[in-house]
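Me: I am new to this structure and would like a close look at a single part, the aromatic side chains and what lies around them. Please take me through that part with care.

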Amino acid sequence: MIVEAVQAGDVERVTALIAEHPERAAERDAQGVSALLHACYLRRPDIVDALLPHLSALDLLEAAAVGDARRVGQWLENEDAVDRRSGDGFTALHYAAFFGWPEIARLLIAAGADSSAVAANEMAVQPLHSAAAASHRAVAERLLAAGADPNARQQGGYVPLHASAQNGDDALVELLLAHGAEPSLETDDGRSAADIARAAGHDGLAARLSGD
């Protein structure tokens, strides 16, 4: 299957399979997650580029993941489209947040996307968690303006500030703090944002978060 080749990161195999059967570019796994989304998850633009020319259409989730604002806009003409989820539980806004597409986030929020949607999987991430994990400040700004909770918890008790501390993202930390993020919140295993920043070698940020 194309999906297996994508998951293995084998762009040559993907290209060969498409050359034999172009329709395979649209294959999905048992959960219904497309080969294109798997390529996005792996952050393999070469594989995305190999697949895209052979896809006659993208669904809303795929369009959000690859940053195709025109197609997202077309999908949003259907008022029910904004709430659709991938086979593994994510919304289009999760994808816009994780892959860093602020304009697509704007379109989705304007169409009624839930800025606090919880992924229907064990990760339980909200779009703000996704933006923080990938250090996409511009998307985080839109989510916070739309009412996203800066102290929302995901799997393991992590809040967005924990991810920003791990990444050493001072600007995003300041944005979250300005919107009410609480630096004293701890993960399920008892670590604060300052602890996480310090362990990752971001001593200055750790001091800021601990109030030193």
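Reply: A charge is said to sit over a ring if NZ of Lys or CZ of Arg is within 6 Å of the ring centre and within 35 degrees of the ring normal. In this predicted model, arginine 43 lies over the face of phenylalanine 98, at 4.5 Å from the ring centre. Phenylalanine 98 also belongs to one aromatic cluster, which it forms together with Tyr41, Phe90, Tyr95 and Phe99.

A pair of aromatic rings is described by the distance of the centres and the angle of the planes. Four aromatic pairs are counted when ring centres must lie within 6.5 Å of each other. For phenylalanine 98 and phenylalanine 99, the ring centres are 5.2 Å apart and the planes stand at 75°, so this pair is edge-to-face, because planes over 60 degrees apart count as such. As for burial, phenylalanine 98 has 29% relative accessibility and counts as partly exposed, whereas phenylalanine 99, with a relative accessible area of 11%, is buried.

The numbering of these two residues places them in α7 (92-99), one of the elements that cover the buried residues of helix α10. Those buried residues, in a helix that spans residues 137-145, are Val139, Ala140, Leu143 and Leu144. Seen down the axis of α10, they fall within an arc of 135°, so they line one face of the helix. Besides α7, the cover includes α8 (102-110), α9 (127-133) and α12 (170-178). After α10 comes glycine 147, with a positive phi near 100°.

Definitions and conventions:
Residues are numbered from 1 along each chain as its sequence is written. This is a predicted model: local features need pLDDT of at least 70, side-chain atom pairs count only at pLDDT 80 or more; totals for chains, interfaces and linings use all residues. Side-chain values use heavy atoms; hydrogens and water are left out. Rings of Phe, Tyr and Trp (its six-membered ring) pair if their centres lie within 6.5 Å; planes under 30 degrees apart count as stacked, over 60 as edge-to-face and the rest as tilted. Buried means under 20% relative accessible area, exposed over 50%, partly exposed in between (1.4 Å probe, protein chains only). Helices (H or I, at least four residues) and strands (E, at least two) are DSSP runs, numbered from the N terminus. The arc is that of the directions from the helix axis to the C-beta atoms. Contact means heavy atoms within 4.5 Å.
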